[in-house]
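Please open the structure in a viewer and keep the sequence at hand. This tour proposes a series of selections and describes what is found at each stop.

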Amino acid sequence: MVNWNGDIAKLALPTPFAVGDVNVYVVKGDALTLIDTGVKTNQSKEVLTYGLGELGLKLSDIEQIILTHHHPDHAGALDFFDKEVPVYGHKNNQRWLTISDEFLETHNRFFLDYATKFGVAEELKNNLIHYRDEIKFLSERKLQGFLAEGDELPGLPGWRAIETLGHAQSHLSFYRESDGLMIAGDHLLAKISPNPLMEPPLLPGGDRPRPLLQYNASLQKFLGISISTVYSGHGSEVDGDAVADLIQYRFERQHNRAMQVKSMLQDKPLSAFEVCQQLFPKVYLQEVGLTLSETIGQLDYLEDLGEIETETQSGVILYSIA
């Protein structure tokens with residue numbers, strides 16, 4: 001049964017992805033707002049329609065949509081809504097919502113180039129451009145307006161955007177100071193540590209993002225905010241009293257994992273892919289895009305600490321203990 005909790009209602013929608021259900025939120029304000037949409041499947045649309053019905057609403061009652069980030073389970077179902085319904089989010093959403101041929105070419109070239117630099121086996125390189133397989137779950141839409149750090153959300157007085165880049169280069173969380181509520185998308189989840197995913201640089205030819213370093217900095221932001229409840233993109237809410245402990249637990253686990261990666265470099269320098277094979281011996285073949293993102297994040301973290309250093313041999317970046 002879907003119920004209002006004050007002026008917020010959570011709807012859990014099915015996805016075809018391993019993460020399971022995704023949470024979207026209906027928020028009352030000057031405009032009836034849906035935060036995130038779920039994925040573009042018939043099953044998701046049926047559950048969304050049913051959930052809205054339990055609240056006495058229809059799809060057509062939604063007056064605006066605000067995105068936490070661009071991933072297909074959060075932004076894919078924009079096509080369920082009339083083109084006149086305005087959509088807001090971080091400016092970095094737009095390249096993923098448009099999915100132009102030019103962007104796909106840039107995207108694929110970036111990943112193939114880094115596959116070489118990270119030492120990925122030749123037969124696995126094309127697996128890094130998997131995003132083309134997810135296009136069927138996306139909807140093309142132009143953002144009505146961009147949201148950045150500190151911006152008040154349109155139609156929702158008292159709510160402000162917080163840039164929480166890391167899991168995605170488009171990621172925002174939404175905070176209401178009056179009661180400490182935080183709608184955090186995939187930034188802070190009760191049971192899962194989100195994978196900071198590699199993306200192409202915002203400007204072609206620019207430096208690649210360091211998503212794990214961004215994610216850690218974004219988590220640190222939450223420690224300076226008075227939070228009563230975190231409404232997450234997957235799973236249950238996080239009580240405000242548990243936020244600091246959960247973040248500290250995330251930091252400690254990630255640091256310990258990085259030290260595990262450092263120990264792999266004791267005997268000789270390794271490429272990122274060789275580290276990935278050791279870190280994920282059972283699944284790196286099936287999920288090379290995700291496992292390589294995780295691996296590179298740990299290597300970026302160690303390099304930032306000064307624990308390791310790099311050199312390039314025959315076009316491949318090798319990591320060794322500093």
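Is D36 buried or exposed? Select D36 to begin: its relative accessible area is 2%, so this residue counts as buried, the limit being under 20%. The model is a predicted one.

**Two residues with positive phi**

Remain at D36, which is found in the loop between β3 (33–35) and α1 (42–54). Its phi is positive, about 70°, although D36 is not a glycine. Most residues other than glycine have a negative phi.

Next, select S314, in the loop between β13 (308–313) and β14. S314 also is a residue other than glycine with a positive phi, in this case near 50°. Its relative accessibility is 81%, so S314 counts as exposed, for which the limit is over 50%. D36, by contrast, is buried.

**The largest nonpolar core**

Now select F118, V120, M182, L188, V230, L292 and Y319 together. These residues have the most contacts inside the largest nonpolar core, which has 47 residues. Several elements each supply at least two residues of this core: α4, β9 (181–185), α5 (211–223), α6 (240–264), α7 (272–279), α8 (288–305) and β14 (316–321). Which element gives the most to this core? Colour α6 to see it: α6 contributes seven residues.

Then centre the view on M182. Leaving aside neighbours within four places in sequence, M182 is in contact with I162, S173, F174, Y175, F222, I225, I227, T229, V230 and Y231. One of these, V230, is also among the residues with the most contacts inside the core.

A further selection shows a second core, separate from that one. Choose L59, I62, A77 and V87, which are included in its 26 residues.

**The second largest pocket**

For the last stop, select R95, S100, F103, L202 and P204. Of the 13 residues that line the second largest pocket, these lie nearest its centre. The pocket holds about 250 Å³ of space. Two elements, α3 (94–98) and α4 (101–117), give two or more residues to its lining. How many residues does α4 give to this lining? The number is three, and α4 gives the most.

Finally, colour the lining residues by class. Six are nonpolar, four are polar and three are charged. Leave α4 highlighted as the tour ends, since this helix appears at two stops: α4 supplies at least two residues of the largest nonpolar core, and α4 also contributes to the lining of the second largest pocket.

How values were computed
Residues numbered from 1 in each chain as written. Predicted model: local features only at pLDDT ≥ 70, side-chain atom pairs only at ≥ 80, totals over all residues. Heavy atoms only, no water. 1 Å grid on protein atoms, 1.4 Å probe; cavity = no way out; pocket = protein on both sides within 12 Å on 5 of 7 lines; lining within 4 Å. Points joined across faces, edges and corners; volume = space filled by probe spheres on them. Helix = DSSP H or I, 4+ residues; strand = E, 2+ residues; numbered from the N terminus. Nonpolar A, V, L, I, M, F, W, Y, C, P; charged D, E, K, R; others polar. Core = buried A, V, L, I, M, F, W, Y, C linked by side-chain atoms within 4.5 Å. Buried < 20%, exposed > 50% of the residue type's maximum accessible area, 1.4 Å probe, protein only. Contact = heavy atoms within 4.5 Å.
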